[in-house]
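Trainee: Could you take me closely through one part of this model, with what it is built from and what packs on it?

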Amino acid sequence: MEQMVRVRDGEVWADDSGGAGDGPPLVLLHPGVGDSRIWDPVLPALAERHRVIRYDVRGYGRSPAPTTSYTHSGDLRSVLDHFGLARAVLVGTSMGGKTAITYALGDPGRVAALGLLVPGVTGHPDLKLPELTEQIGKLAQAGDMDGLVALGLRVWGAAGTAPDAAAAEQLRAAIPGWFSNYGHETEDAPAFDRLGELKLPCALLLGEQDIPEVVRCNEEMAARIPGCRLVRHPDCDHFPTLRVPDEVVRLVAELYARVA
């Protein structure tokens, strides 16, 4: 069921598949290179077994742009509260993975397990990518949406083949959120040096065709998280649900098998 969820000084669009399902509810957190529709290739298989909740971050998809400062982890807490989830499995990709990690460190009793797909993490200096940020800024100033999409496909979509319509559509929809959120999004506290505190079932999917900085970061993250299962995939870049949906479904199933 689709609905708007109140968050601090705003609201976000969310969808609840309903039903009880197996184990704790599953909450899906989308990346910065797409919105919640990026879960469409895997949603039917996941919803067959679990109650699944997904939502659009402020400024993405069907969620209004922010008008005040906010944190992603704070909004995730509001979503969990709205749906009355005392405990959930969090599965996040890229930006969504970063949010899931931060929330799990802050409120570990509420997180049953973590599924991390090509995740980011606060506090890792190699993910800043100043040259890429400069390129994005120049294209944005020129109003070159096609150029931004093409850049995004070159950087994050190496496993795709032209015209790579699904990834291009996700990027085109997400790019306005990059700029509407600027100046409002407050980054959560550094988490990279605290990954050893995560004492819960965790699995991390690494795309070997992702950018080298993300690959190295993901390797380091998996090594730091106690008991984390690292899954390397040669045919995956920064769009795992589009490139290897069956592997994503399998990772979630294996994660649930480890939930106490």
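**The sheet and the helices against it**

Mentor: Helix 9 (residues 245–257) lies across strand 3, strand 5, strand 6 (111–117), strand 7 and strand 8, and runs at about 165° to strand 7. Contact here means heavy atoms within 4.5 Å, while angles run from 0 to 180 degrees between N-to-C directions, with axes as lines fitted to C-alpha atoms, for helices over the stretch in contact. Helices (H or I, at least four residues) and strands (E, at least two) are DSSP runs, numbered from the N terminus. The model is a predicted one, in which local features need pLDDT of at least 70 and side-chain atom pairs count only at pLDDT 80 or more, whereas totals for chains, interfaces and linings use all residues. Residues are numbered from 1 along each chain as its sequence is written, and side-chain values use heavy atoms, with hydrogens and water left out.

The sheet itself is open and is formed by 8 strands in the order 1-2-4-3-5-6-7-8, with mixed pairing; two strands pair if DSSP finds at least two bridges between them. Strand 1 (2–7) and strand 8 (229–233) stand at the edges, and because each has a single partner strand, one side of each is left without a neighbour in the sheet. On average, neighbouring strands of this sheet are turned by 20° against each other, direction ignored. In general, strands of a sheet pair through backbone hydrogen bonds, either parallel or antiparallel.

At the edge held by strand 1, the pairing with strand 2 is antiparallel and extends over 6 bridges. Strand 1 and strand 2 form a hairpin with 2 residues between them, and Asp 9 in the turn has a positive phi of about 60°. Within this pair, Glu 2 has Asp 15 in strand 2 as its bridge partner.

At the edge held by strand 8, the partner is strand 7 (residues 202–207), and these two strands pair in the parallel sense over 5 bridges. Here Gly 207 stands opposite His 233 in strand 8.

Helix 2 (residues 72–82) also packs on the sheet, where it touches strand 1, strand 2 (10–16), strand 3 (26–29), strand 4 (52–55) and strand 5 (88–93), and its direction makes about 125° with that of strand 1. Taking the two helices together, strand 3 and strand 5 are among the strands that helix 2 touches, and they are also among those that helix 9 lies across.
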